Amino acid sequence: MVMTLLDASHKSGTLPPKLVLVHPARTSTTFSPETWFTGEVHISFLCAVTLEPGLDRQGRPVKFTIRQPRDFLLRLFPYVKFGLLVVQTALLSGRLLGYPVPEISQLYDGFTEAAVVAGAMADLVGALEQVCQSDDEGQPSFDYTALLEGGRGFPKDEVETLRAHCEENFAIVEGLMDGIDPQWQQHCGLEWCVADDGTSAWVRKEVFQAFRELGRDLLRDPKLLVERGTVLRQAHTAEDDAGCGCVIQ
């Protein structure tokens with residue numbers, strides 16, 4: 001699913017990362033999909049190889065705050081949904097062992113096993129769809145993720161359709177990010193890399209060289225990082241991370 005999207009949107013140049021994860025700005029001791037998207041939220045861009053968020057200099061996940069998420073979710077519904085679907089798939093396949101953001105994985109009792117987390121992600125997708133469908137102010141963006149679901153082969157005649165919708169959403173994200181920080185690319189914790197085989201993606205700094213050399217093969221098989229002996233930085237939390245990330249009003 002990730003490869004199909006990357007292939008279809010390769011003309012996007014250095015637009016925002018293809019994968020994003022949305023999570024509540026204020027953590028709780030219980031997991032409630034119904035309230036996940038109703039208050040202030042954080043977004044974190046994910047590395048295309050590791051599916052983990054970019055880190056700041058202190059090793060904390062970079063988070064951008066959206067204080068009024070309803071319009072954001074409506075306009076970028078498929079973009080947000082795709083990130084949830086990819087994480088869910090990665091959990092079910094064993095590629096991820098837990099929720100990528102430490103504040104969430106450590107606090108919610110439901111996020112203790114990959115299968116449980118995957119089920120929680122499915123609930124979040126449903127909650128996201130409900131939030132967007134119940135909005136009376138406008139229609140959500142076309143759900144291009146529907147073109148990628150079902151495990152079927154992707155028809156070549158749909159590639160341009162997918163690319164057009166992807167780029168439309170990516171351009172909206174880029175506009176939002178440029179409005180709060182003209183240098184958001186340097187602050188998101190990821191680096192844009194074009195591999196020797198022409199494949200391009202946003203990746204974590206420690207996998208940059210491996211992706212440049214292996215490109216598409218690394219996206220298909222991240223375990224190649226282990227064979228290379230690549231050491232990944234472990235994300236951690238801090239008692240006070242108020243200065244981490246930027247704010248989208």
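**Entry 1: His42**

I started at His42, which sits in strand 2. The model I am reading is predicted. I asked whether His42 is buried or exposed. The relative accessible area of His42 is 12%, so I logged the residue as buried, the cut-off being under 20%.

I then listed what His42 touches, leaving aside its neighbours within four places in sequence. The contacts are Leu21, Val22, His23, Pro24 and Ala25, and further along the chain Lys63, Phe64 and Thr65. With Thr65 there is a side-chain to side-chain polar contact of 3.1 Å. I also took the C-alpha separation from His42 to His23: it comes to 5.4 Å, for two residues 19 apart along the chain.

**Entry 2: strands 1 and 2**

Next I looked at how strand 2, residues 41–45, is paired. Its partner here is strand 1, in the antiparallel sense, over 5 bridges. One bridge I checked by name joins Leu21 to Ser44 of strand 2. How many residues of strand 1 are buried? I found 5 of 5 for residues 20–24, so strand 1 is mostly covered.

**Entry 3: Leu51**

I followed the chain into the loop between strand 2 and strand 3, where Leu51 lies. I noted its phi, which is near 60 degrees and thus positive in a residue other than glycine. Most residues other than glycine have a negative phi. Leu51 counts as buried, because its relative accessibility is 1%.

**Entry 4: Arg204**

Where does Arg204 sit? I located Arg204 in the loop that runs from strand 5 (200–203) to helix 9 (208–214). Its relative accessibility is 2%, and therefore this arginine is buried. I looked for a polar partner and found the side chain of Glu52, at 3.4 Å from the side chain of Arg204.

**Entry 5: strands 4 and 5**

I went back to strand 5 itself. Ser200 and Trp202 point one way from this strand, Ala201 and Val203 point the other way, and all are buried. Strand 5 pairs with strand 4 (residues 191–194) in the antiparallel sense, over 4 bridges. In that pairing I find Glu191 opposite Val203. The two strands form a hairpin with 5 residues between them, and in it Gly198 takes a positive phi near 95 degrees.

**Entry 6: helices 4 and 6**

I turned to a helix pair. Helix 4 (residues 77–93) packs with helix 6 (residues 114–133) at about 165 degrees, the axes being 8 Å apart. The angle is over 145 degrees, so I recorded helix 4 as roughly antiparallel to helix 6. The crossing of the two helices is left-handed. Which residues make the contact? From helix 4 I listed Phe77, Val80, Lys81, Leu84, Leu85, Val87, Gln88, Leu91 and Leu92. From helix 6 I listed Ala114, Val117, Ala118, Met121, Ala122, Leu124, Val125, Leu128, Glu129 and Cys132.

**Entry 7: the whole chain**

Last, I took the totals. The chain has 11 helices and 6 strands. Of its 249 residues, 50% are buried. I also looked up the contacts with a separation of 6 or more: residues 24 or more positions apart account for 68% of them.

Notes:
Residues are numbered from 1 along each chain as its sequence is written. This is a predicted model: local features need pLDDT of at least 70, side-chain atom pairs count only at pLDDT 80 or more; totals for chains, interfaces and linings use all residues. Side-chain values use heavy atoms; hydrogens and water are left out. Buried means under 20% relative accessible area, exposed over 50%, partly exposed in between (1.4 Å probe, protein chains only). A polar contact is a pair of N or O atoms within 3.5 Å; within protein, one must be able to donate a hydrogen and the other to accept it, and residues adjacent in sequence count only if both atoms are side-chain atoms. Two strands pair if DSSP finds at least two bridges between them. Axes are lines fitted to C-alpha atoms, for helices over the stretch in contact, and angles run from 0 to 180 degrees between N-to-C directions. Angles under 35 degrees count as roughly parallel, over 145 as roughly antiparallel, 65 to 115 as roughly perpendicular and the rest as oblique. A crossing is left-handed if the near helix is turned anticlockwise from the far one by less than a right angle, and right-handed if clockwise. Contact means heavy atoms within 4.5 Å.
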